[in-house]
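User: I would like a close look at a single part of this model, with its surroundings described carefully and in connected prose.

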Amino acid sequence: MMRYAKNLSMWVGGFALLVGTISLAKADEKGEKIMREALRKLNAAQSMTAKFTQTSTADNLPFKLTLNGTVSLMKPNSIHVRIAGEIPKRGKVERVYASVGADYITYFGTEKLYRKDRLEPKPQEFTGEWEAELDGFFGGEELMKRGKANYKGTDKVGTIPCDVITFTSAPRNNLPERVMTYYIGQKDRLIHRATYPVPSDSDSNLVQTNLLTEINLSAKLSAKDFVYTLPAGAKPIIQRRQREILQRNDSSRGAF
């Protein structure tokens with residue numbers, strides 16, 4: 001708030017502050033407009049496929065972990081996401097998130113464990129290793145109620161010019177406020193990259209980035225494309241180990 005000006009210099013300083021506040025307000029409006037356009041476009045689609053590269057960095061990791069994944073989504077509640085790669089000194093890793101009928105299966109290949117949850121008829125989000133870049137397909141603009149968008153300028157994802165938007169989410173699901181950054185194509189209004197901190201009980205400051213490529217919002221999919229059979233030997237997560245497994249795989253956070 002601008003203070004009362006007792007002399008000209010103070011008035012000029014206050015005016016400059018007011019101008020800066022007005023500019024910030026406009027930037028907020030621009031950020032919300034662009035974010036809404038991206039969510040609206042995702043939500044209007046009936047199907048979606050994409051490839052993505054997931055990179056993770058942390059203060060206590062001397063390397064950048066890179067995993068590759070594929071995504072298939074279909075209204076009203078079908079999803080199949082597979083993430084795979086290799087973790088140094090730990091070996092191959094695979095994680096699968098799949099809806100089968102009214103069930104949502106999460107499979108952790110490293111431990112050969114899975115959990116099964118009941119699905120809502122028309123969910124707005126799925127618990128997993130993503131945020132608005134996928135949940136926007138199901139939740140659309142309703143997700144905007146969970147925080148505030150801000151315009152941060154422009155950047156490129158590969159050769160694609162993008163508007164950079166940060167979304168500050170309000171605390172929810174026992175998680176603190178978080179700031180997520182989305183790179184939204186200036187021409188296609190698709191979310192090409194998303195970066196955000198991953199909640200953790202440790203002080204590792206884990207940051208994850210999902211890069212989406214080959215995004216197709218008119219993919220020809222059917223129910224059979226989402227049928228998922230658990231690998232032989234897969235066992236359900238025992239309740240006392242569930243918290244540990246979910247935290248280790250960074251999939252217990254609330255979406256968006």
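User: Is Glu214 buried or exposed? Please start from that residue and then take me to the second largest cavity and the elements that line it.

Analyst: The model is a predicted one, and what follows should be read with that in mind. Glu214 is exposed, because its relative accessible area is 58%. Glu214 belongs to strand S11, and its backbone has a positive phi of about 50° although the residue is not a glycine. As a rule, most residues other than glycine have a negative phi.

Strand S11, which spans residues 207-216, is one of the elements that lead to the cavity, since together with helix H2 (132-139) the strand is listed as supplying at least two residues each to the lining of the second largest cavity. The count of cavities of 30 Å³ or more comes to 2, and the second largest of them holds about 40 Å³ of space. Its lining is made up of Phe52, Val71, Glu129, Trp130, Glu133, Leu134, Asn210 and Leu212. By residue class, the lining divides into 5 nonpolar, 1 polar and 2 charged residues.

Helix H2 deserves attention as one side of this picture. The helix is largely enclosed by the rest of the structure, because 8 of its 8 residues are buried. These buried residues are Ala132, Glu133, Leu134, Asp135, Gly136, Phe137, Phe138 and Gly139, and among them Glu133 and Leu134 also appear in the lining of the second largest cavity. Directly after H2 comes Gly140, whose phi is positive, near 55°.

Strand S1 (residues 47-57) can be followed through two of its residues, Gln54 and Ala50. Gln54 counts as buried because its relative accessibility is 2%, and its side chain is joined to that of Glu129 by a polar contact of 3.1 Å; Glu129 is itself one of the residues lining the cavity. Apart from neighbours within four places in sequence, Gln54 is in contact with Leu65, Thr66, Leu67, Ile83, Arg95, Glu129, Gln208, Thr209 and Asn210, and of these contacts Glu129 and Asn210 are also named in the lining.

Ala50 counts as buried too, because its relative accessibility is 6%. When residues up to four places away in sequence are not counted, Ala50 touches Thr70, Val71, Leu212, Thr213, Glu214 and Ile215, so that the exposed Glu214 meets a buried partner in Ala50. Val71 and Leu212, which are both touched by Ala50, belong to the cavity lining as well. The C-alpha atoms of Ala50 and Leu217 are separated by 8.8 Å, although their positions lie 167 residues apart along the chain.

At residue 207, strand S11 holds Val207. Val207 is partly exposed, because its relative accessible area is 31%. Beyond its neighbours within four places in sequence, Val207 is in contact with Thr55, Ser56, Thr57, Thr195, Tyr196 and Pro197. Measured in sequence terms, Val207 and Asp59 are 148 residues apart, yet their C-alpha atoms are 9.3 Å apart in space.

Two further backbone features can be set beside the positive phi of Glu214. Arg189, in the loop between strand S9 (178-185) and strand S10 (191-197), also has a positive phi, of about 55°, although it is not a glycine. Arg189 is buried, because its relative accessible area is 15%, whereas Glu214 is exposed. The other feature is the peptide bond from Lys75 to Pro76, which is cis with omega near 5°, and Pro76 has its place in the loop between strand S2 (65-74) and strand S3 (78-87).

For the wider setting, the protein contains 3 helices and 12 strands, and buried residues make up 45% of its 256 residues. Among contacts with a separation of 6 or more, 55% are between residues 24 or more positions apart. The accessible surface comes to about 14000 Å², of which 53% belongs to carbon and sulfur atoms.

Methods. Residues are numbered from 1 along each chain as its sequence is written. This is a predicted model: local features need pLDDT of at least 70, side-chain atom pairs count only at pLDDT 80 or more; totals for chains, interfaces and linings use all residues. Side-chain values use heavy atoms; hydrogens and water are left out. On a 1 Å grid over the protein atoms alone, a cavity is a set of points where a 1.4 Å probe fits but cannot get out, and a pocket is an open set with protein on both sides within 12 Å along at least five of seven lines; lining residues have an atom within 4 Å of a point. Grid points are joined across faces, edges and corners, and a volume is the space filled by probe spheres set on the points. Helices (H or I, at least four residues) and strands (E, at least two) are DSSP runs, numbered from the N terminus. Ala, Val, Leu, Ile, Met, Phe, Trp, Tyr, Cys and Pro count as nonpolar, Asp, Glu, Lys and Arg as charged, and the others, Gly among them, as polar. Buried means under 20% relative accessible area, exposed over 50%, partly exposed in between (1.4 Å probe, protein chains only). Contact means heavy atoms within 4.5 Å. Accessible areas come from the Shrake-Rupley method with a 1.4 Å probe; for residues, only the protein chains shown count as cover. A polar contact is a pair of N or O atoms within 3.5 Å; within protein, one must be able to donate a hydrogen and the other to accept it, and residues adjacent in sequence count only if both atoms are side-chain atoms.
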